[in-house]
Amino acid sequence: MAKPPSKRNKATSASSSDNTPPDNQDLEENPATATITVSAVEVPELTEQEQSDRLHLERKVERAFFEAGKALTELRDRRLYRSTHKTFDEYCLDRFGYNRSRSYQLVDAAVVVDNLQKCPQIVDILPTAEGQVRPMTKLEPQEQQEVWLRAVELAGGKVPTGRIVKDVVQRIMERTQVPNTYQLGEVCQILVKDNPELRGKAGCWGIVSAVNEFSCTVRMWDGEYAVGLQHLKSCDYLPAECQQVREISDRISQVYSDSLEETVKSLLHLLGKVNRPYLTAVEEKLLTLLESEYGREITP
């Protein structure tokens, strides 16, 4: 009996199948071949008026820190805060959220910008941020102008960064470096010399509490200050006389606070700038009275 013919499966070639791939097959196999259509959006050019408005607004933004410093200076100098606050520091913290350091950074920056604007070579390129000005606040006015011109040059004729300004200031300090010969505990007189941070301290004495490379930290009746060597002058007191001044300073510090009446603060200020290492009989009575009145411990 003959065997029935065997059945074989036909091989189907790829060329004989449907060439249309399923939806998204090409995209899934090779995403790089996907085509993305982007619609072009025409950006209209600025009109002359818009260009003028933009420049005006940019200048306002750039000068914001300068205007703030000028306004704070006037508020402080005219004591326009006195109807609501006892001190300028309290007013700034309550009204603007500025602590003492930030308030005076802006005030000092405005002083520097005012000075830079007086320089004929400095026309349009002025600081745009307080941080660019901060390294120059302790320099003399002429040095500030010199630093800014050099910093602009290093920045390629553009507004320099605070880092560039700081580097230029450091070079000037090194150039004018003088040896620091002050000793701990030495009594020095403060020379303001247009340093805004020392405003109101002219002629006062400070006691050296730290000797740094280019400055000394001096303790006065109302706190400690870092003072450049050019702003210090030794009183040349004997060790015993320096000790007497330190004792007077400690007594004044115990009485002093920002909340005191202006007349009392003025009196303490005057006691803190006497040009001798002792108090007269009347000055001693006045200080003793203040110690008693404000509950401070009286030094025997």
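Axes here are lines fitted to C-alpha atoms, for helices over the stretch in contact, and angles run from 0 to 180 degrees between N-to-C directions. This is a predicted model: local features need pLDDT of at least 70, side-chain atom pairs need 80 or more, and totals for chains, interfaces and linings use all residues. Residues are numbered from 1 along each chain as its sequence is written, and side-chain values use heavy atoms, without hydrogens and water.

Q: At roughly what angle do the axes of helix α5 and helix α7 cross?
A: Helices (H or I, at least four residues) and strands (E, at least two) are DSSP runs, numbered from the N terminus. Helix α5 spans residues 100-116 and helix α7 spans residues 141-154. Their axes come within 9 Å, and the crossing is roughly 75°.

Q: Which residues of α7 meet α5?
A: Contact means heavy atoms within 4.5 Å. From α5 come Val112, Asn115 and Leu116. In α7 they meet Pro141, Gln144, Gln145 and Trp148.

Q: Is serine 103 buried or exposed?
A: Serine 103 sits in helix α5. Its relative accessibility is 1%. Buried means under 20% relative accessible area, exposed over 50%, partly exposed in between (1.4 Å probe, protein chains only). Serine 103 therefore counts as buried.

Q: Which residues is serine 103 in contact with, leaving aside neighbours within four places in sequence?
A: Serine 103 belongs to helix α5. With those neighbours left out, the contacts of serine 103 are Leu72, Phe88, Cys92 and Tyr98.

Q: How far apart, centre to centre, are the rings of tyrosine 81 and phenylalanine 88?
A: The structure holds 5 aromatic pairs (Phe, Tyr and Trp rings, the six-membered one for Trp, with centres within 6.5 Å). Tyrosine 81 and phenylalanine 88 form one that is tilted (not under 30 degrees, which is stacked, nor over 60, which is edge-to-face), with 55° between the planes. Both residues are buried. The centre to centre distance is 5.9 Å.

Q: Which residues form one aromatic cluster?
A: Tyrosine 81 and phenylalanine 88 make an aromatic pair, and both belong to the cluster. Its full membership is Tyr81, Phe88, Tyr91, Phe96, Tyr98 and Tyr104.

Q: Which strands stand at the edges of the sheet?
A: Strands pair if DSSP finds at least two bridges between them. The open sheet has 5 strands in the order β4-β3-β2-β1-β5, with antiparallel pairing. Each edge strand has a single partner, so one side of it is left without a neighbour in the sheet. The edge strands are β4 and β5 (232-234).

Q: By how much are neighbouring strands of this sheet turned against each other on average?
A: The sheet is open and its pairing is antiparallel. Direction ignored, the average turn between neighbouring strands is 45°.

Q: Which residue is the bridge partner of serine 215 in β4?
A: Strand β3 (residues 215-220) and strand β4 (residues 223-228) run antiparallel, joined by 6 bridges. A hairpin links them through 2 residues. The partner of serine 215 is glycine 228.

Q: Which residue in β3 stands opposite isoleucine 207?
A: Strand β2 (residues 205-211) pairs with β3 in the antiparallel sense over 4 bridges. The two form a hairpin with 3 residues between them. Alanine 210 stands opposite threonine 217. Opposite isoleucine 207 is arginine 219.

Q: Which residue in β2 stands opposite glutamine 189?
A: Strand β1 (residues 187-190) pairs with β2 in the antiparallel sense over 3 bridges. Glutamine 189 faces tryptophan 205.
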